[in-house]
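This report introduces a protein structure to a reader who has not met it before. The sequence and the coordinates are shown first, and the description follows.

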Amino acid sequence: ATDTTRTQPWRRSSWQTMAAVLFLTIYVALEWLSFIHEYKGVPITPWNPGLGAVFALMIFAGPVYGAVLFVGVIVSETLVLKTNLQWPVILGIAAIIAAVYAGATALARYRFRLDVSLIHLRDVVALLGAGLFGALLTTLMLSIMLVIGTDLDWADVIIALVPLLVGDTIGIAVVTPLVLRILHKHPLPSLSGWLALEAALYIALIFGSLWIIAGAGPVNGLKFFYLLFVPVVLAALRHGLDGACVALALSGLGLVGVSQFFSASAQTFTEFQILMLVLTTTGLLVGAVVSERERSEEHAREAERRFKE
C-alpha cells in the first residue's frame, strides 16, 4: 500500500506532463492549419480550433492548464504567424488570452457546475456562455492593449478583432464539446454497415455543399451556405450531441479550406463567420436536446422495468 501511495503522485505528474505536451502540439498544429493571414499582428481566421481543444483540457482537468495556452500563443505567434510584434506585446497577448480563458474555465466549473460529460442541455449552454464570455473579455482587453502598445487605431481594432471574437467563439463551440466527449471516454456506438453508410452519406452531403459554396465564389457562396444545415441537423437528430460535434468539426475544417480559397473582403469574411456561428449553435442545441430526450426515455424504460419487477 505504501509503494502504491508513493507512485500515485509520479503517475499523476507524468499524465499531466504528457497531456500538456500533447495539447500544446495540437494547439500549434491547428493554428497552422486554420491560419489565413495576419492583420497588424492579429491572426485572421474563420475559427480557432486550437483554442477549443485547450479550453476543453482546462474544463476537464482544471484552469492550471492555462499555462499550455500561454506557451501555445507564444509559439504560434513566433513560429506560425511569424509576427513582427515586439516581445513585450507578444507576452502581453499570451498572458491576456491564457488568464481570461482560465477564468472562464473556472466560471464554468465552479459557478455553473458544468458537467464535463455534457449530459444535459444546461451544460452545453453553460459551456457556450463561458466561451462567449471569454471571447468578449479577451477581445476587449486585447483591443485596449494593442491600441495603446502598437500602431493600431480603433478602426483597425474593428477590422482585426471582431473576426477574432467570432472565430474564438466558434472554435470553442465546435471543438470543445467534441474533445470533452473524448476525454470523458463517452461510449461510442457500435460500428455497423448501416452506420458506415450513414456516415458516408453525411460526409458526401458536407463536402458536396462545400463544393457548391466554393464554386459560387466569396459573395454568391454565402447564399448556398445554408446547405450545410442539412447534414449537420440530420446528424444531430440521428445521433444527438455526438453526431452534431462530428458533423460540425468536418464542416469547420472544410470551411477553413473554402475561406483560404476565397480572397473575400472583410465584410464578406465577417458574414461568413456569423453564418458559421449560427450553424454551430443550431447543431449543438439540436444535438443536446436529442441526447437529453434519449436519456430521459432510457430512464423511463428503466423505471418501468424496475416497477414490473
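Which residues form a nonpolar patch on the surface? Leu140, Met141, Ile144 and Ile148 do so, with about 400 Å² of accessible area together. A patch is made of residues with over 30% relative accessible area and no salt bridge, where like charges are joined within 9 Å and nonpolar side chains (Val, Leu, Ile, Met, Phe, Trp, Tyr) within 5 Å. Accessible areas come from the Shrake-Rupley method with a 1.4 Å probe, and for residues only the protein chains shown count as cover.

The structure is a predicted model, in which local features need pLDDT of at least 70 and side-chain atom pairs count only at pLDDT 80 or more, while totals for chains, interfaces and linings use all residues. Residues are numbered from 1 along each chain as its sequence is written, and side-chain values use heavy atoms, with hydrogens and water left out.

**Overall architecture**

The protein contains 9 helices and 2 strands. Helices (H or I, at least four residues) and strands (E, at least two) are DSSP runs, numbered from the N terminus. In order from the N terminus, the elements run α-β-β-α-α-α-α-α-α-α-α. Of the 309 residues, 47% count as buried; buried means under 20% relative accessible area, exposed over 50%, and partly exposed in between (1.4 Å probe, protein chains only).

Within this arrangement, Met141 of the surface patch belongs to helix H5 (residues 121–149). Met141 is partly exposed, as its relative accessible area is 34%.

**Salt bridges**

The structure holds 7 salt bridges, each being a side-chain nitrogen of Lys or Arg within 4 Å of a carboxyl oxygen of Asp or Glu. Three of the pairs are listed below.

| Pair | Distance, N to O |
|---|---|
| Asp123 and Arg122 | 3.1 Å |
| Arg238 and Glu198 | 2.7 Å |
| Glu309 and Arg305 | 2.5 Å |

The bridge between Arg238 and Glu198 links distant parts of the chain, with Arg238 in helix H8 and Glu198 in helix H7 (residues 193–220), 40 residues apart. Glu198 counts as buried because its relative accessibility is 7%, whereas Arg238 is partly exposed at 43%.

In the pair of Asp123 and Arg122, Asp123 is buried, with a relative accessible area of 2%, and Arg122 is partly exposed, with 46%. For the third pair, Glu309 counts as exposed at 70% relative accessibility, while Arg305 is partly exposed at 38%. Both residues also belong to a network of salt bridges that links Glu302, Arg305, Arg306 and Glu309.

**Internal cavities**

A search of the whole structure finds 2 cavities of 30 Å³ or more. On a 1 Å grid over the protein atoms alone, a cavity is a set of points where a 1.4 Å probe fits but cannot get out, and lining residues have an atom within 4 Å of a point. Grid points are joined across faces, edges and corners, and a volume is the space filled by probe spheres set on the points.

The second largest cavity has a volume of about 30 Å³. Its lining consists of Val174, Leu248, Ser251, Gly252, Leu255, Met276, Leu279 and Thr280. Helix H8 (229–261) and helix H9 (266–308) each supply at least two of these residues, and H8 gives the most, with 4. The lining divides into 5 nonpolar, 3 polar and no charged residues; here Ala, Val, Leu, Ile, Met, Phe, Trp, Tyr, Cys and Pro count as nonpolar, Asp, Glu, Lys and Arg as charged, and the others, Gly among them, as polar.

Note on methods:
On a 1 Å grid over the protein atoms alone, a cavity is a set of points where a 1.4 Å probe fits but cannot get out, and a pocket is an open set with protein on both sides within 12 Å along at least five of seven lines; lining residues have an atom within 4 Å of a point.
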